[in-house]
Amino acid sequence: MSDNISEKNKRLVRKLVIVVLLMFGFGYALVPLYDVFCDITGINGKTNETAENEIAYEIDKRREITVEFMTALNESAPILFKSELKKIKVYPGQYYTVNFYAENKTDKPMVARAIPSISPGLAAEYFIKTECFCFSEQTFKANEGKTMPVRFVIDPKLPDKYKTITLAYTFFDNTEKSVKK
Amino acid sequence: MSAVAAENEHTHDHDDHGPAKGIMRWIVTTNHKDIGTMYLIFALIMFFVGGTMALIIRAELFEPGMQFVDPQFFNSMTTMHALVMVFGAVMPAFVGFANWMIPMMIGAPDMALPRMNNMSFWMLVAGILLIASTLFMEGGAPAAGWTFYPPLVLQTGNALPFAVFAVHLLGISSIMGAINIIATILNMRAPKMTLMKMPLFVWTWLITAFLLIAIMPVFAGAVTMLLTDRFFDTSFFDAAGGGDPVLYQHIFWFFGHPEVYVMILPTFGLASTIIPVFARKPLFGYSSMVYATGAIAFLSFIVWAHHMFTVGMPISGELYFMYATMLIAIPTGVKVFNWTATMWKGAMTFETPMLFAIAFVVLFTMGGFTGLMMAIAPVDFQYHDTYFIVAHFHYTLVPASVFILMAGGYFWLPKWVGNMYDEKLARLHFWLSAISVNILFFPQHFLGLAGMPRRIPDYAVQFSDWNMISSIGAFIFGFSQLMFVYIVIKTVRGKDCEKATDEVWEDAHKHGLEWTLPSPVPYHTFATPPEKIPTEHL
């Protein structure tokens, strides 16, 4: 093989290796890109992660929206978790408070985190929480049970096509992870 | 002194070097033909390992109820079968053909980076051994499906880190192989072999190699995220820490969809190389074939979420991915049309490679059509994760990729070893394969449409009949493949075999440079680039 070709090969390989490294980086870049994309388009059903200030909306009494509440546990976490109401009919613009109940079923202290999700996903940006147990990790003493309020409002700008909104919470047992920290 | 001796050594003509003797020849070889042979033998062994796993699956599914294996092991089998077949059999087999044929097809003396070539082969072996070792671990082999979806995959036992590192090794191996192929094709062509005169097998591999270097690093990144999620408390895919499991599916299928084309594009290239020889006509629409391949490769990057229609995408997303996916049918249709048009009014003969190639055109088209059915988002909600998808991708992989690999084997084996294979036995192998593969996979369409989910060890009784038929087909198909091994060994030994002529197939020298070489091919070829290149394939 002449030196000329082997020099050409080396240059080409260098370029291709750079492509490989860039694509590895691109894989990781997809993580923040995904969050930004979901944020802009609002398609992921994520609600506000910190408390919003309570501002007064004009109450829209022309229509009622059904809000359903669902509770779930991740990997059968040892928690009793339920919603006081299965569903509630609400007027857009009016504030409501509903209660959830969670109980640590172990004899040890527990750190747990509830993650909310709204469906249909595109309705999430009109569902505003001013108070929620999901804004931070919850600590439970051994066998402790807690009633936890959620205060929310539906933005009257919610498009007419949405008649029912489902708010689902999944509780994750984070005890092990927080011990490590 | 020694420097002088080495100098003298180098002034010799390279052609009279034979291969080194003994086992070290294979371990340290940098010869593209040796490495190609090793890839092909390795792929064939893995084809039987993966096939055995498939037969365990089909044996369990022969009747409803639990028969032979427990559900955890059954799930390990579906997962390992896929990993072994994709990364151990089909991909290495095509790399084997690339190693053997690309230098000979473009008039180069060897691959551009022979040592890296050796290294990529042995890393492949290491990767496969690593993943195979998980079968004997506490907690069993990975059982969450070859797609490794979290959170389920994070419940894998000790096998998870081994599976992740195996993916890294396999990824590095394919990336090195791909870089080598690109460098060979771009820098090592004979002066008169311009890009638009290259045989289509070379073209499709060039494009495939670019796909590989674009996607394998992304997959390596995704499994690394799984690893850190499990062991280092990151939360890429853990909702409790602000991550999202659906994100994994997006990253995976950004890799996964081009990956399935990594397995089918060289198939297209091989078919386009074989069919003209036996139709005794130039390939119809050479340049449209090249552009169609490029178009398919490009589209493969922008359709990934059609694997995820049911995760809860907004309607606009479903529509986009639906239409983009259907677009792929156009370049693919161009290809099927061209193969058919190549055969049209050709002086066709039906030797075994051609039989496999024709079966490929017919059966791949069926697999393509079921793909088109599933591209329709609302319909996919019913087909998703049922046996319908299993039938679909097996039609595009077994009677397509695997059949074409068999065709390639029969096509070039006489050139490689200098002996003709036993045509009668080979045809029997073909007919057994072609009939049994349909008995095996066709009923799975019905099962899927009737609602039988995939990846389950037991099923409702109404699925019994078609499962039984499918399993019978599986066993006939599996055992027929042993004939291939027998035929290959017989041909290599050469006892009672006809000697192959230099052109092997009538007028093949008009179709490709490799047929201008003597049979069997010498250990070193094209030390000086060829003067004339055949243009019949244009």
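**Exercise 1. The open sheet**

What is the order of the four strands in the open sheet of chain A, and is the pairing parallel or antiparallel?

Solution. The model is a predicted one.
- Step 1: read the strand order, which is E2-E4-E8-E6 in chain A, with antiparallel pairing.
- Step 2: find the edges. Strand E2 (79-83) and strand E6 (127-131) of chain A are the edge strands, each pairing on one side only.
- Step 3: take the angle between neighbours. Ignoring direction, neighbouring strands of this sheet are turned by 30 degrees against each other on average.
- Step 4: look at one pair in detail. E6(A) and strand E8 (residues 145-154) of chain A run antiparallel and are joined by four bridges. As for single residues, Lys129(A) stands opposite Phe152(A) in E8(A).

**Exercise 2. The partners of E9(A)**

Describe how E9(A) pairs with E1 and with E5 of chain A.

Solution.
- Step 1: start with strand E1 (residues 65-73) of chain A, which runs parallel to E9(A) and is joined to it by eight bridges. Within E9(A), Tyr169(A) is the residue opposite Thr71(A).
- Step 2: turn to E5(A). Its pairing with E9(A) is antiparallel, over eight bridges. Here Ala112(A) faces Asp173(A) of E9(A).
- Step 3: put the two together. E9(A) has a parallel pairing with E1 of chain A and an antiparallel pairing with E5(A).

**Exercise 3. The overall form of chain A**

Set out the elements of chain A and compare its radius of gyration with that of a compact globule.

Solution.
- Step 1: count the elements. Chain A has two helices and nine strands. Their order from the N terminus is α-β-β-β-β-β-β-β-β-β-α, with a helix at each end of the series.
- Step 2: compare the radii. Chain A has a radius of gyration of 24 Å, against a value near 16 Å for a compact globule of 181 residues.
- Step 3: add the extents. The C-alpha trace spans about 80 × 50 × 25 Å along its principal axes.
- Step 4: consider the domains. Chain A is divided into domain 1 (1-41) and domain 2 (65-180), and the C-alpha centres of these two domains lie 42 Å apart.
- Step 5: consider burial and contacts. Of the 181 residues in chain A, 24% are buried. Among contacts between residues at least 6 apart in sequence, 77% join residues at least 24 apart.

**Exercise 4. The side of chain A that touches chain B**

Which elements give two or more residues to the side of chain A that touches chain B?

Solution.
- Step 1: state the contact. In it, 28 residues of chain A meet 25 residues of chain B.
- Step 2: list the elements, namely helix H1 (3-41), strand E5 (110-119), strand E9 (164-173) and helix H2 (175-180) of chain A.
- Step 3: identify the largest share, which is the 16 residues from H1(A).
- Step 4: sort this side by class. It has 17 nonpolar, seven polar and four charged residues.

**Exercise 5. Arg189(B)**

Why does Arg189(B) count as buried?

Solution.
- Step 1: locate the residue. Arg189(B) is in the loop between helix H6 (159-187) and helix H7 (200-231) of chain B.
- Step 2: apply the cut-off. A residue is buried if 20 or more other C-beta atoms lie within 10 Å of its own. Arg189(B) has 22 C-beta neighbours inside 10 Å, and therefore counts as buried.
- Step 3: name its contacts. Leaving aside neighbours within four places in sequence, Arg189(B) is in contact with Ile106(B), Gly107(B) and Ala108(B).
- Step 4: compare sequence with space. Met104(B) is 85 residues from Arg189(B) in sequence, while their C-alpha atoms are 9.8 Å apart.

Definitions and conventions:
Residues numbered from 1 in each chain as written. Chains lettered and ligands numbered in written order. Predicted model: local features only at pLDDT ≥ 70, side-chain atom pairs only at ≥ 80, totals over all residues. Rg over C-alpha atoms; globule rule 2.2 N^0.38 Å. Buried ≥ 20, exposed ≤ 12 C-beta atoms within 10 Å, placed from the backbone. Contact = placed C-beta atoms within 7 Å. Nonpolar A, V, L, I, M, F, W, Y, C, P; charged D, E, K, R; others polar. Pairing = 2+ DSSP bridges. Axes fitted to C-alpha atoms, helices over the stretch in contact; angles between N-to-C directions. Domains from an automatic or database assignment.
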